Amino acid sequence: ICVLDATRLEVSLNFALRVMDYLSDKSTALVFAVNMIDDLESNALTMDMTGLSAALGVPMVGVSARLQKGFPELSQAVEKAILEQRPISSQNEKEIAATAKKLTQNFGPKGDVLIKRMNRLDQIFLSSLWGGVLFLIIMLLVFQSVFAWSVPMMDAVE
């Protein structure tokens, strides 16, 4: 079982292709568990796992470790992969990054979950009203920690 991150698919595919290259000359089964599917769903994003599985020639199962979803399907896929023992194709080391990028563009989610999260935070911290209020609160906490909360420590050092 090779675990991939659905929110950072290109990096995960780069790793997955290297794993496939390593296992290509060995007699072993391989299944990709695509974790964090729940994050894709909560951001209204999808990925074509059946197409990606067909392109790689390796079974792929969506799971969520946080919500404990998809594990029965993963267990079934592992059992099936062990029984079938299909050969694993290898990639040229120089082509791995380009292949990972191409597969992500073709089958990956159309959007970036991390950027969506940062945009939500930017809307709050950079807003004209809440941004100023949060800045004052943070500065007050920093001032308070330096001048008031540190007094017992300074007294102890003296």
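Start with the whole protein chain in cartoon view and follow it from the N terminus: the elements run β-α-β-α-α-β-α-α-α-α-α. That comes to 8 helices and 3 strands. The model is a predicted one.

**Whole chain**

Zoom out until the full C-alpha trace is in view. Along its principal axes the trace spans about 70 × 40 × 35 Å. The radius of gyration is 23 Å, well over the 15 Å that the globule rule gives for 158 residues, so the chain is more spread out than a compact globule.

Switch on the surface next. About 10,400 Å² of the protein chain is exposed, and carbon and sulfur atoms supply 63% of that area. Of the 158 residues, 32% are buried. If you display contacts with a separation of 6 or more, 75% of them are accounted for by residues 24 or more positions apart.

Now colour by charge. The chain has 14 positive and 17 negative charges, and the mean positions of the two sets are 7 Å apart.

**The largest nonpolar core**

Select Leu 30, Phe 32, Leu 52 and Leu 56 and show their side chains. Of the 26 residues in the largest nonpolar core, these four touch the most other members. Which elements give two or more residues to this core? Select strand E1 (2-5), helix H1 (9-23), strand E2 (32-35), helix H2 (37-42), helix H3 (49-56) and helix H5 (96-107) to see them. Among these, H1 gives the most, with 7 residues.

Keep the core on screen and centre on Leu 56. Leaving aside residues up to four places away in sequence, what does Leu 56 touch? Add Leu 13, Leu 17, Met 20, Phe 32, Ser 89 and Leu 103 to the selection, as these are its partners. Phe 32 is also one of the four residues picked out above as touching the most other core members.

**A second core**

Hide that selection and pick Val 31, Leu 74, Ala 77 and Ala 81. They are included in a second, separate core of 7 residues.

**Lys 101**

For the last stop, go to helix H5 and select Lys 101, which has its place there. Is Lys 101 buried, exposed or partly exposed? Its relative accessibility is 43%, so Lys 101 counts as partly exposed; the cut-offs are under 20% for buried and over 50% for exposed.

Finally, add Gln 85 and draw a C-alpha to C-alpha distance from Lys 101. The two residues are 16 apart in sequence and 27 Å apart in space.

Note on methods: Residues numbered from 1 in each chain as written. Predicted model: local features only at pLDDT ≥ 70, side-chain atom pairs only at ≥ 80, totals over all residues. Heavy atoms only, no water. Helix = DSSP H or I, 4+ residues; strand = E, 2+ residues; numbered from the N terminus. Rg over C-alpha atoms; globule rule 2.2 N^0.38 Å. Buried < 20%, exposed > 50% of the residue type's maximum accessible area, 1.4 Å probe, protein only. Contact = heavy atoms within 4.5 Å. Areas by Shrake-Rupley, 256 points an atom, 1.4 Å probe, with all protein chains shown as cover. Lys, Arg positive; Asp, Glu negative; His and termini not counted. Charge placed at Lys NZ, Arg CZ, Asp CG, Glu CD. Core = buried A, V, L, I, M, F, W, Y, C linked by side-chain atoms within 4.5 Å.
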